[in-house]
Amino acid sequence: MSGSGKVVCVTGASGYIASWLVKLLLQRGYTVRASVRDLADPKKIEHLRALEGANERLHLFKANLLEEHSFDSVVEGCEGVFHTASPFYHNVTDPQAELIDPAVKGTLNVFSSCVKTPCIKRVVVTSSMAAVAYNGRPRTPDVVVDETWFSSAEFCKQAKMWYVLSKTLAEEAAWKFSKDNSIDMVTINPAMVIGPLLQPTLNTSAAAILNLINGSSTYPNASFGWVNVKDVAKAHILAFEVPSASGRYCLVERVAHYAELVKILHDQYPALKLPEMCADDEPFVPIYQVSKEKTKSLGIDYIPVETSIMETVESLREKGFVSF
């Protein structure tokens with residue numbers, strides 16, 4: 001119970017990663033001040049209130065990423081702040097308003113509140129591999145991506161990768177602000193996060209697995225890094241607790257093409273109707289490597305992607321998103 005007597009803040013607490021983060025923080029004895037956009041929405045808060053320790057040590061606050069000073073009262077009295085709030089979805093009509101503003105302005109609003117709170121020792125920001133790997137450099141099986149890589153905003157704009165751009169600009173803004181204001185900041189950069197869902201709603205990365213088991217005839221021609229949500233939540237906590245933690249941490253158990261995911265699913269659920277062909281006739285997008293050196297030093301021992309996939313499927317079944 002290393003968090004006993006300590007107060008920390010989690011922004012965007014109803015999200016997929018954040019819900020697990022709140023759960024593990026409460027398990028470790030922390031008192032958690034958590035922000036959500038809408039305290040009246042049971043889908044946002046009921047699963048949090050049901051967590052072990054929530055009655056005694058979870059305090060929920062309403063806060064909006066785009067409202068200045070919105071987080072002042074949330075971070076009050078906290079030793080650590082975990083900033084996870086940032087929208088992640090693909091079908092956007094106005095990328096600036098829907099993704100980029102909440103990501104960038106939201107980060108700066110949270111940091112502005114942190115500057116006024118002298119008791120805060122460290123801020124841990126949920127970034128993404130989106131802010132690491134997209135810069136036009138080739139990613140092939142012999143290439144090892146690591147924490148020294150940064151995505152290029154220009155490259156993302158040209159490719160119209162709006163979510164990737166939002167995470168790239170948000171992390172850039174966070175590093176600049178933290179350096180200018182002497183904030184001790186660490187970023188966690190996970191790839192596609194899968195594993196069990198705590199929240200009742202479907203999140204974008206779990207939907208990637210749901211789409212494969214929901215009767216789709218094809219799978220995407222894409223390769224992504226994959227990592228378990230429990231490892232991601234644990235990495236956030238270690239990044240706060242381990243004094244020597246610094247800089248960025250890329251979180252990827254394995255980079256796999258969707259074809260490999262389908263094969264894993266077929267081995268686990270032979271009776272399932274799974275897609276048999278790729279969505280296009282192009283050569284498969286190559287896989288690449290992501291260095292695990294730095295996360296190992298933090299104390300992360302990855303859950304294998306096979307386990308993560310099975311946990312995701314079982315969770316999707318349990319929550320009624322799929323039945324078989």
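This tour goes from the whole chain to its sheet, its helices, its salt bridges and its cysteines.

**Whole chain**

The model is a predicted one, in which local features need pLDDT of at least 70 and side-chain atom pairs count only at pLDDT 80 or more, while totals for chains, interfaces and linings use all residues. Residues are numbered from 1 along each chain as its sequence is written, and side-chain values use heavy atoms, with hydrogens and water left out.

Begin with all C-alpha atoms selected: along the principal axes they fill a box of roughly 55 × 40 × 40 Å. For 324 residues a compact globule would have a radius of gyration near 20 Å, and the chain agrees with this at 19 Å; the radius is taken over C-alpha atoms, and the globule rule is 2.2 Å times the number of residues to the power 0.38. Colour next by accessibility, and buried residues make up 56% of the 324 residues, where buried means under 20% relative accessible area, exposed means over 50%, and partly exposed lies in between (1.4 Å probe, protein chains only).

Switching to a cartoon shows 12 helices and 14 strands, which are DSSP runs numbered from the N terminus, helices being H or I over at least four residues and strands E over at least two. Of the contacts with a separation of 6 or more, 79% join residues 24 or more positions apart, a contact being heavy atoms within 4.5 Å.

**The sheet**

Select the strands β3, β2, β1, β4, β5, β7 and β11, which in that order form an open sheet of 7 strands with parallel pairing; two strands pair if DSSP finds at least two bridges between them. At the edges stand β3 (58-62) and β11 (247-251), each of which has a single partner strand, so one side of each is left without a neighbour in the sheet. Neighbouring strands are turned by 20° against each other on average, with direction ignored, and the axes behind such angles are lines fitted to C-alpha atoms, for helices over the stretch in contact, with angles running from 0 to 180 degrees between N-to-C directions.

Move on to β4 (residues 80-83) and β5 (residues 122-126), which run parallel and are joined by 4 bridges; in this pair Val81 stands opposite Val123 of β5. Add helix α5 (residues 95-115), which packs on the sheet and touches β1 (7-11), β4, β5 and β7 (185-190), its direction making about 175° with that of β4. Then show helix α7 (residues 162-180), which lies across β5, β7 and β11 and runs at about 165° to β7.

**Helix α8**

Select residues 204-213, helix α8, where 9 of the 10 residues are buried; among them are Thr204, Ser205, Ile209, Leu210 and Ile213. The buried residues of this helix pack against several elements, including α1 (16-27), β10 (223-228), α10 (258-268) and α12 (305-318). After α8 comes Gly215, whose phi is positive, near 90°.

**Salt bridges**

The whole structure holds 13 salt bridges, each defined by a side-chain nitrogen of Lys or Arg within 4 Å of a carboxyl oxygen of Asp or Glu. Return to α5 and select Lys105 and Asp101, whose side chains meet in a salt bridge at 3.8 Å, N to O; the two residues are 4 apart in the helix, about one turn. Lys105 is partly exposed, with a relative accessible area of 46%, whereas Asp101 is buried at 17%.

In α7, Asp180 forms a salt bridge with Lys176, their closest N and O atoms being 2.7 Å apart, and these residues are likewise separated by 4 positions, about one turn of the helix. Both Asp180 and Lys176 are exposed.

Next select Glu253 and Arg254, which form a salt bridge with closest N and O atoms 3.6 Å apart; Glu253 is buried, at 13%, and Arg254 is partly exposed, at 23%. Adding Glu260 and Glu306 to the selection completes a network in which these four residues are linked by salt bridges.

**Cysteines**

End with the cysteine sulfurs: a disulfide is a pair of them within 2.5 Å, and the count of disulfides comes to 0. For Cys119 the nearest cysteine sulfur is that of Cys78, 6.8 Å away, and Cys119 is partly exposed at 35% relative accessibility. For Cys156 the nearest is that of Cys250, 15 Å away, and Cys156 is buried, with a relative accessible area of 0%.
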